[in-house]
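Got your viewer open and your mouse ready? Let's take a walk through this model, one selection at a time.

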Amino acid sequence: MKFFVDTADINDIRDLASTGLLDGVTTNPSLIAKSGKQFLPLIEEICGVVDGPVSAEVASTDYETMLKEGKKLAAIADNVAVKVPLTPAGLKVCKELSDAGTMVNVTLCFSALQAVLAAKAGATFISPFVGRLDDLSQDGMQLIADIVQIYGNYPEWYTEVLVASVRHPVHILESAKLGADVVTCPPAVIKGLYNHPLTDKGLATFVDDWKKTGQSIL
Ligand code: E4P
(Lines give C-alpha, C1' and ligand atoms only; values in the text may rest on other atoms or scores of the structure.)
Protein backbone atom coordinates (compact mmCIF):
# COMPACT_ATOMS: atom_id res chain seq x y z
CA MET A 1 0.00 0.00 0.00
CA LYS A 2 1.34 3.43 -0.94
CA PHE A 3 1.40 6.32 1.53
CA PHE A 4 0.68 9.82 0.27
CA VAL A 5 0.59 12.86 2.54
CA ASP A 6 -2.40 15.16 2.23
CA THR A 7 -0.91 18.60 2.78
CA ALA A 8 0.57 21.65 1.09
CA ASP A 9 2.97 22.30 3.98
CA ILE A 10 6.45 21.99 2.45
CA ASN A 11 8.10 21.47 5.85
CA ASP A 12 5.86 18.51 6.64
CA ILE A 13 6.48 17.13 3.15
CA ARG A 14 10.28 17.43 3.54
CA ASP A 15 10.10 15.86 6.98
CA LEU A 16 8.07 12.86 5.79
CA ALA A 17 10.07 12.48 2.56
CA SER A 18 13.21 12.06 4.68
CA THR A 19 11.73 8.87 6.22
CA GLY A 20 11.88 7.15 2.83
CA LEU A 21 8.30 5.95 3.38
CA LEU A 22 6.48 8.66 1.45
CA ASP A 23 5.17 7.68 -1.98
CA GLY A 24 3.37 10.87 -3.04
CA VAL A 25 1.49 14.02 -2.09
CA THR A 26 -2.08 15.23 -2.50
CA THR A 27 -3.12 18.85 -2.29
CA ASN A 28 -6.44 20.59 -2.79
CA PRO A 29 -7.51 24.26 -3.02
CA SER A 30 -8.29 24.41 0.70
CA LEU A 31 -4.82 23.12 1.62
CA ILE A 32 -3.21 25.58 -0.82
CA ALA A 33 -5.17 28.45 0.76
CA LYS A 34 -4.05 27.29 4.21
CA SER A 35 -0.39 27.26 3.10
CA GLY A 36 -0.55 30.94 2.11
CA LYS A 37 1.85 30.18 -0.78
CA GLN A 38 1.63 30.76 -4.56
CA PHE A 39 0.14 27.57 -6.06
CA LEU A 40 2.30 26.95 -9.15
CA PRO A 41 5.75 27.53 -7.58
CA LEU A 42 4.67 25.50 -4.54
CA ILE A 43 3.70 22.51 -6.70
CA GLU A 44 7.03 22.78 -8.50
CA GLU A 45 8.85 22.83 -5.16
CA ILE A 46 6.92 19.80 -3.88
CA CYS A 47 7.65 17.90 -7.11
CA GLY A 48 11.35 18.50 -6.50
CA VAL A 49 11.14 16.97 -3.02
CA VAL A 50 8.99 13.91 -3.77
CA ASP A 51 9.57 11.57 -6.73
CA GLY A 52 6.06 10.06 -6.65
CA PRO A 53 2.78 11.57 -7.85
CA VAL A 54 1.94 15.06 -6.62
CA SER A 55 -1.74 15.90 -7.04
CA ALA A 56 -2.50 19.48 -8.08
CA GLU A 57 -6.16 20.39 -8.46
CA VAL A 58 -7.76 22.49 -11.19
CA ALA A 59 -9.65 25.54 -9.94
CA SER A 60 -12.34 25.93 -12.59
CA THR A 61 -15.41 23.78 -13.15
CA ASP A 62 -16.09 24.19 -16.88
CA TYR A 63 -14.53 21.79 -19.40
CA GLU A 64 -12.49 24.25 -21.50
CA THR A 65 -10.88 26.10 -18.60
CA MET A 66 -10.29 22.94 -16.59
CA LEU A 67 -8.52 21.39 -19.58
CA LYS A 68 -6.28 24.44 -20.00
CA GLU A 69 -5.51 24.50 -16.28
CA GLY A 70 -4.84 20.76 -16.29
CA LYS A 71 -2.36 21.07 -19.16
CA LYS A 72 -0.60 23.94 -17.40
CA LEU A 73 -0.35 21.98 -14.16
CA ALA A 74 0.87 18.86 -15.98
CA ALA A 75 3.67 20.90 -17.60
CA ILE A 76 5.14 21.78 -14.19
CA ALA A 77 6.78 18.36 -13.72
CA ASP A 78 6.50 14.76 -14.90
CA ASN A 79 5.19 13.64 -11.51
CA VAL A 80 2.20 16.01 -11.40
CA ALA A 81 -1.15 14.21 -11.21
CA VAL A 82 -3.86 16.61 -12.32
CA LYS A 83 -6.78 16.51 -9.90
CA VAL A 84 -10.24 16.99 -11.37
CA PRO A 85 -13.66 16.83 -9.72
CA LEU A 86 -16.03 13.95 -10.33
CA THR A 87 -18.39 15.84 -12.63
CA PRO A 88 -19.27 15.25 -16.30
CA ALA A 89 -16.85 18.01 -17.33
CA GLY A 90 -14.18 16.75 -14.93
CA LEU A 91 -14.36 13.24 -16.38
CA LYS A 92 -14.15 14.59 -19.93
CA VAL A 93 -10.97 16.38 -18.93
CA CYS A 94 -9.78 13.19 -17.22
CA LYS A 95 -10.25 11.18 -20.43
CA GLU A 96 -8.45 13.74 -22.55
CA LEU A 97 -5.49 14.19 -20.21
CA SER A 98 -5.20 10.44 -19.53
CA ASP A 99 -5.22 9.69 -23.26
CA ALA A 100 -2.35 12.18 -23.62
CA GLY A 101 -0.33 10.33 -20.95
CA THR A 102 -0.95 12.65 -17.98
CA MET A 103 -1.70 11.17 -14.55
CA VAL A 104 -5.18 12.17 -13.36
CA ASN A 105 -6.63 11.95 -9.85
CA VAL A 106 -10.44 12.13 -9.84
CA THR A 107 -11.50 13.69 -6.56
CA LEU A 108 -14.68 14.12 -4.51
CA CYS A 109 -15.91 10.56 -5.08
CA PHE A 110 -18.73 9.50 -2.77
CA SER A 111 -20.26 6.50 -4.54
CA ALA A 112 -19.06 3.26 -6.12
CA LEU A 113 -20.76 4.09 -9.41
CA GLN A 114 -18.91 7.41 -9.56
CA ALA A 115 -15.74 5.32 -9.19
CA VAL A 116 -16.86 3.16 -12.13
CA LEU A 117 -17.21 6.28 -14.28
CA ALA A 118 -13.73 7.48 -13.27
CA ALA A 119 -12.16 4.12 -14.19
CA LYS A 120 -13.89 4.19 -17.57
CA ALA A 121 -12.54 7.73 -18.08
CA GLY A 122 -9.01 6.39 -17.58
CA ALA A 123 -8.28 7.94 -14.18
CA THR A 124 -4.92 7.05 -12.67
CA PHE A 125 -6.43 7.46 -9.19
CA ILE A 126 -9.94 7.62 -7.79
CA SER A 127 -10.24 9.47 -4.48
CA PRO A 128 -13.19 8.34 -2.34
CA PHE A 129 -13.52 10.58 0.74
CA VAL A 130 -14.10 8.26 3.71
CA GLY A 131 -14.00 10.80 6.55
CA ARG A 132 -16.60 13.08 5.00
CA LEU A 133 -18.96 10.10 4.60
CA ASP A 134 -18.36 9.04 8.21
CA ASP A 135 -19.19 12.63 9.24
CA LEU A 136 -22.68 12.06 7.77
CA SER A 137 -23.08 8.73 9.63
CA GLN A 138 -22.45 6.84 6.39
CA ASP A 139 -19.84 4.08 6.21
CA GLY A 140 -16.80 5.44 4.39
CA MET A 141 -14.89 2.18 4.53
CA GLN A 142 -17.80 0.26 3.00
CA LEU A 143 -17.40 2.50 -0.04
CA ILE A 144 -13.73 1.46 -0.27
CA ALA A 145 -14.72 -2.20 0.02
CA ASP A 146 -17.25 -1.79 -2.78
CA ILE A 147 -14.83 -0.01 -5.12
CA VAL A 148 -11.99 -2.49 -4.48
CA GLN A 149 -14.40 -5.37 -5.18
CA ILE A 150 -15.79 -3.81 -8.36
CA TYR A 151 -12.38 -2.81 -9.76
CA GLY A 152 -11.19 -6.37 -9.04
CA ASN A 153 -13.85 -7.65 -11.43
CA TYR A 154 -12.38 -5.67 -14.33
CA PRO A 155 -8.63 -6.29 -14.70
CA GLU A 156 -8.56 -4.03 -17.77
CA TRP A 157 -9.19 -1.02 -15.51
CA TYR A 158 -5.93 0.27 -14.06
CA THR A 159 -7.35 3.02 -11.81
CA GLU A 160 -5.84 2.90 -8.32
CA VAL A 161 -8.05 3.32 -5.25
CA LEU A 162 -6.66 6.30 -3.30
CA VAL A 163 -8.38 6.48 0.08
CA ALA A 164 -8.85 10.18 0.93
CA SER A 165 -10.28 12.23 3.77
CA VAL A 166 -8.48 9.92 6.19
CA ARG A 167 -8.96 11.01 9.78
CA HIS A 168 -7.38 8.31 11.96
CA PRO A 169 -5.22 5.15 11.94
CA VAL A 170 -8.21 2.80 11.75
CA HIS A 171 -9.01 4.19 8.30
CA ILE A 172 -5.48 3.19 7.26
CA LEU A 173 -5.70 -0.26 8.87
CA GLU A 174 -9.02 -1.01 7.19
CA SER A 175 -7.70 0.31 3.85
CA ALA A 176 -4.74 -2.08 4.06
CA LYS A 177 -7.01 -5.02 4.94
CA LEU A 178 -9.20 -4.22 1.94
CA GLY A 179 -6.22 -3.97 -0.40
CA ALA A 180 -6.67 -0.29 -1.32
CA ASP A 181 -3.74 0.89 -3.43
CA VAL A 182 -3.02 4.22 -1.69
CA VAL A 183 -3.97 6.15 1.44
CA THR A 184 -3.49 9.89 1.63
CA CYS A 185 -3.29 11.13 5.20
CA PRO A 186 -2.71 14.33 7.14
CA PRO A 187 0.91 14.52 8.38
CA ALA A 188 -0.08 14.02 12.02
CA VAL A 189 -1.92 10.79 11.23
CA ILE A 190 1.14 9.33 9.45
CA LYS A 191 3.48 10.43 12.24
CA GLY A 192 1.14 8.88 14.82
CA LEU A 193 1.49 5.43 13.25
CA TYR A 194 4.91 4.98 14.84
CA ASN A 195 3.55 5.29 18.35
CA HIS A 196 2.75 2.55 20.83
CA PRO A 197 3.13 2.92 24.62
CA LEU A 198 4.63 -0.56 24.88
CA THR A 199 7.33 0.43 22.37
CA ASP A 200 8.24 3.45 24.54
CA LYS A 201 8.15 1.40 27.75
CA GLY A 202 10.15 -1.47 26.28
CA LEU A 203 12.78 0.86 24.85
CA ALA A 204 13.20 2.68 28.17
CA THR A 205 13.86 -0.66 29.86
CA PHE A 206 16.36 -1.76 27.23
CA VAL A 207 18.23 1.57 27.47
CA ASP A 208 18.41 1.29 31.30
CA ASP A 209 19.52 -2.34 31.24
CA TRP A 210 22.18 -1.63 28.60
CA LYS A 211 23.63 1.14 30.80
CA LYS A 212 23.98 -1.44 33.61
CA THR A 213 26.28 -3.54 31.41
CA GLY A 214 28.78 -0.65 31.22
CA GLN A 215 29.51 -1.63 27.62
CA SER A 216 29.64 0.36 24.37
CA ILE A 217 29.00 -0.95 20.87
CA LEU A 218 31.15 1.72 19.18
C1 E4P B 1 -7.81 14.29 -0.91
O2 E4P B 1 -7.15 14.36 -1.91
C3 E4P B 1 -8.32 15.46 -0.18
O4 E4P B 1 -7.36 16.49 -0.30
C5 E4P B 1 -8.48 15.22 1.30
O6 E4P B 1 -8.19 13.90 1.65
C7 E4P B 1 -9.73 15.77 1.87
O8 E4P B 1 -9.75 15.52 3.25
P9 E4P B 1 -10.74 16.27 4.26
O10 E4P B 1 -12.09 15.66 4.12
O11 E4P B 1 -10.15 16.00 5.61
O12 E4P B 1 -10.72 17.72 3.87
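Before you click anything, here is a handy term: a residue counts as buried under 20% relative accessible area, exposed over 50%, and partly exposed in between (1.4 Å probe, protein chains only). By that yardstick, buried residues make up 46% of the 218 residues in the protein. What you are looking at is a predicted model, where local features need pLDDT of at least 70, side-chain atom pairs count only at pLDDT 80 or more, and totals for chains, interfaces and linings use all residues. Residues are numbered from 1 along each chain as its sequence is written, and side-chain values use heavy atoms, with hydrogens and water left out.

**Stop 1: the whole protein.** Switch to a cartoon view. You should find eleven helices and eight strands; these are DSSP runs numbered from the N terminus, with helices (H or I) of at least four residues and strands (E) of at least two. The C-alpha atoms fill a box of roughly 70 × 40 × 30 Å along the principal axes.

**Stop 2: the ligand.** Select the ligand and show what is around it, meaning residues with a heavy atom within 4 Å. Up come Asp6, Thr26, Asn28, Lys83, Phe129, Arg132, Ala164, Ser165 and Arg167. How many residues of each class are in this shell? There are two nonpolar, three polar and four charged ones. For that sorting, Ala, Val, Leu, Ile, Met, Phe, Trp, Tyr, Cys and Pro are nonpolar, Asp, Glu, Lys and Arg are charged, and the others, Gly among them, are polar.

Now look at the ligand's oxygen atoms. A polar side-chain atom of Lys83 is 2.6 Å from one, an N or O atom in the side chain of Asn28 is 2.7 Å from one, and for a polar side-chain atom of Arg167 the distance to a ligand oxygen is 3.0 Å. On its own the ligand would expose 340 Å², and the protein buries 86% of that (areas by the Shrake-Rupley method with a 1.4 Å probe; for residues, only the protein chains shown count as cover).

**Stop 3: a buried histidine.** Next, select His171 in helix H9 (residues 169-178). Buried or exposed? His171 counts as buried because its relative accessibility is 2%. Add Asp134 to your selection, and you will see a polar contact of 2.7 Å between the two side chains. A polar contact is a pair of N or O atoms within 3.5 Å; within protein, one must be able to donate a hydrogen and the other to accept it, and residues adjacent in sequence count only if both atoms are side-chain atoms.

**Stop 4: two positive phi angles.** Jump to Leu108 in strand E5 (residues 103-109). Leu108 is not a glycine, yet has a positive phi of about 65°. With 33% relative accessibility, Leu108 counts as partly exposed. Then try Ser137, in the loop between helix H7 (130-135) and helix H8 (140-152). Ser137 also has a positive phi of about 65° without being a glycine, and is exposed at 73% relative accessible area.

**Stop 5: get out the ruler.** Pick Lys2 in strand E1 (residues 2-6). From Lys2 to Ile144 you cross 142 residues in sequence, but 15 Å in space, C-alpha to C-alpha. Finish on Val49 in helix H3 (residues 39-49), which is partly exposed at 22% relative accessibility. Val49 and Pro85 are 36 residues apart along the chain, with 26 Å separating their C-alpha atoms.
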